[in-house]
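Subject: A structure to look at

Dear colleague,

I am handing over the structure below, and I would be glad if you kept it open while you read the notes that follow it.

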Amino acid sequence: MPDAPDQSPKLLDQVRQLFAALSPGPNRLIAHLLYGSGLRLSEALRLRVKELDVGTSRLHVRDGKAGRTGRRCCPSASTARSGAT
């Protein structure tokens with residue numbers, strides 16, 4: 001069976017279009033967090049500024065899946081900017 005064609009470039013274009021369609025503000029920020037760090041919607045909505053560790057680019061996630069608490073990588077600023085244009 002032949003390999004399926006790579007869909008990555010098409011998907012990335014669609015993600016960029018989605019981010020470009022969002023107006024700047026909280027919705028765009030949450031969309032970037034969901035996409036860039038793999039957060040669930042409920043986890044992103046519960047985040048507080050004090051749970052962001054700028055030095056290590058990590059988020060402290062409270063009450064994640066199955067009530068777990070943990071740390072996640074933040075999406076880089078360059079990733080956020082590329083999706084914002």
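A good place to begin is Asp53, which stands opposite Arg58 in strand E2. Please keep in mind throughout that this is a predicted model. The two strands concerned are E1, residues 52–53, and E2, and they run antiparallel, joined by two bridges.

Between these strands of the hairpin there are four residues, and Ser57 lies in that loop between E1 and E2. The phi of Ser57 is near 55 degrees, which is a positive value in a residue other than glycine. That deserves a second look, because most residues other than glycine have a negative phi. With a relative accessible area of 40%, Ser57 is partly exposed. There is another positive phi to find just after helix H2, where Gly38 takes a value of about 80 degrees.

Strand E2 covers residues 58–61, and its side chains alternate along the way: Leu59 and Val61 point to one face and are buried, whereas Arg58 and His60 point to the other face and are not buried. This fits what is expected in general, since in a regular strand the side chains alternate between the two faces of the sheet.

Where do the buried side chains of E2 go? Both Leu59 and Val61 belong to the largest nonpolar core, which has eight residues and also takes in Ile30, Leu33, Leu39, Ala44, Leu47 and Cys74. The elements that give two or more residues to this core are H2 and E2. If residues up to four places away in sequence are left aside, Ile30 touches Leu41, Ala44 and Leu45.

Helix H2 is worth following from end to end. Its twelve residues should span 16 Å at 1.5 Å a residue, and its end C-alpha atoms are 16 Å apart, so the expected and computed values agree. The buried residues in H2 are Arg28, Ile30, Ala31, His32, Leu33 and Ser37. For His32 the relative accessible area is 9%, so this residue counts as buried. The C-alpha atom of His32 is separated by 7.4 Å from that of Pro75, although the two residues are 43 apart along the chain.

How many aromatic pairs does a search of the whole structure find? The search finds one, and it is formed by Phe19 and Tyr35, which meet edge-to-face with 5.8 Å centre to centre and 80 degrees between the planes. The pair links distant parts of the chain, because Phe19 sits in helix H1 (residues 8–21) and Tyr35 in helix H2 (residues 26–37), 16 residues apart. The two partners can also be described by their accessibility: Phe19, at 4% relative accessibility, counts as buried, while Tyr35, at 45%, counts as partly exposed.

Finally, here is the protein chain as a whole. The secondary structure comes to four helices and three strands, and from the N terminus on the elements run α-α-α-β-β-β-α. Of the 85 residues in the chain, 21% are buried. Among contacts between residues at least 6 apart in sequence, 29% join residues at least 24 apart. The accessible surface comes to about 6,300 Å², and 58% of this surface belongs to carbon and sulfur atoms.

With best wishes

Technical notes. Residues numbered from 1 in each chain as written. Predicted model: local features only at pLDDT ≥ 70, side-chain atom pairs only at ≥ 80, totals over all residues. Heavy atoms only, no water. Phe/Tyr/Trp six-rings, centres within 6.5 Å; stacked < 30°, edge-to-face > 60°. Buried < 20%, exposed > 50% of the residue type's maximum accessible area, 1.4 Å probe, protein only. Pairing = 2+ DSSP bridges. Expected span 1.5 Å × (residues − 1). Core = buried A, V, L, I, M, F, W, Y, C linked by side-chain atoms within 4.5 Å. Contact = heavy atoms within 4.5 Å. Areas by Shrake-Rupley, 256 points an atom, 1.4 Å probe, with all protein chains shown as cover.
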